[in-house]
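Q: I'm new to reading protein structures. Could you walk me through one, feature by feature?

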Amino acid sequence: MEILEFVSNLVTPYGKVRYIFDHRGWIVWRRGTGDNVELLHIRVSEKRKGYGRELVNEMFAKLKEEPP
């Protein structure tokens with residue numbers, strides 16, 4: 001999936017979201033109610049490479065920098 005298609009299909013419909021999109025795949029999340037975070041999408045480019053774990057850990061690092 002190209003970045004423009006990714007943004008128009010999986011980011012724009014959800015309003016203000018944060019995301020990571022790179023060679024590993026993508027992860028999309030947004031602030032929920034209170035201190036909650038909603039994980040909207042996660043997809044990896046190759047299974048069994050640890051990419052999903054890396055994306056989730058990177059999301060957590062970003063949330064630590066900018067908490068909800």
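Q: Let's begin with strand partners. Which residue in S2 is the bridge partner of Ile20?
A: When you look at two paired strands, pick a residue on one and look straight across to the other. Here, Ile20 has Ile27 as its bridge partner in S2. One more such pair is Asp22, which stands opposite Gly25 in S2. Keep in mind that this is a predicted model.

Q: In what sense do S1 and S2 pair, and over how many bridges?
A: For the sense, follow both strands from start to end and see how they run. S1 and S2 pair in the antiparallel sense, over five bridges. To get from one to the other, the chain makes a hairpin, with two residues joining S1 to S2.

Q: And what about S2 and S3?
A: Same recipe: look for the sense, the bridges and the link. S2 (residues 25-31) and S3 (residues 37-44) are antiparallel too, with seven bridges between them. Looking across, you'll find Trp26 opposite Arg43 in S3, and Val28 opposite His41 in S3. This hairpin has five residues between its strands, and in the turn Gly34 has a positive phi of about 65°.

Q: How do I put the strands together, and in what order do they lie in the sheet?
A: Go from neighbour to neighbour across the sheet. The order is S1-S2-S3, the sheet is open, and its pairing is antiparallel. S1 and S3 each have a single partner strand because they stand at the edges, so one side of each has no neighbour in the sheet. If you ignore direction, neighbouring strands are turned by 5° against each other on average.

Q: Which helix packs on the sheet, and which strands are touched?
A: For packing, ask what touches what, then compare directions. H1 packs on the sheet and touches S1, S2 and S3. The direction of H1 makes about 150° with that of S1.

Q: How many of the seven residues of S2 are buried?
A: Think of burial as a question of how much of a residue is covered. In S2, five of the seven residues are buried, which makes this strand mostly covered. Across the chain, 24% of the 68 residues count as buried.

Q: Now the rings! How many aromatic pairs does a search of the whole structure find?
A: For rings, check the distance between centres and the angle between planes. The search turns up four aromatic pairs. Take Phe6 and Phe21: their centres are 4.6 Å apart and their planes are at 40°, so this pair is tilted. Phe6 sits in helix H1 (residues 3-11) and Phe21 in strand S1 (residues 18-22), so the pair ties together parts 15 residues apart in sequence.

Q: Are Phe6 and Phe21 buried or exposed?
A: Read the relative accessibility of each one. Phe6 is buried, at a relative accessible area of 0%. Phe21 comes in at 26%, so Phe21 counts as partly exposed. Phe21 also pairs with Trp26, and that pair is stacked, with 6.0 Å centre to centre and 10° between the planes. Trp26 has 10% relative accessibility and counts as buried.

Q: Which residues form the aromatic cluster?
A: Chain the ring pairs together and see who ends up in the group. Phe6, Tyr19, Phe21 and Trp26 form one cluster.

Q: Let's zoom out. How many helices and strands does the chain have?
A: Walk along the chain and list the elements. There are two helices and three strands, running α-β-β-β-α from the N terminus on.

Q: And how do I judge the overall shape?
A: Try the radius of gyration and the spans. A compact globule of 68 residues would have a radius near 11 Å, and the chain has 12 Å, which agrees. The C-alpha trace spans about 35 × 25 × 15 Å along its principal axes. As for the surface, the chain has about 5100 Å² accessible, and 49% of that belongs to carbon and sulfur atoms.

Technical notes: Residues numbered from 1 in each chain as written. Predicted model: local features only at pLDDT ≥ 70, side-chain atom pairs only at ≥ 80, totals over all residues. Heavy atoms only, no water. Phe/Tyr/Trp six-rings, centres within 6.5 Å; stacked < 30°, edge-to-face > 60°. Helix = DSSP H or I, 4+ residues; strand = E, 2+ residues; numbered from the N terminus. Buried < 20%, exposed > 50% of the residue type's maximum accessible area, 1.4 Å probe, protein only. Pairing = 2+ DSSP bridges. Rg over C-alpha atoms; globule rule 2.2 N^0.38 Å. Areas by Shrake-Rupley, 256 points an atom, 1.4 Å probe, with all protein chains shown as cover. Axes fitted to C-alpha atoms, helices over the stretch in contact; angles between N-to-C directions. Contact = heavy atoms within 4.5 Å.
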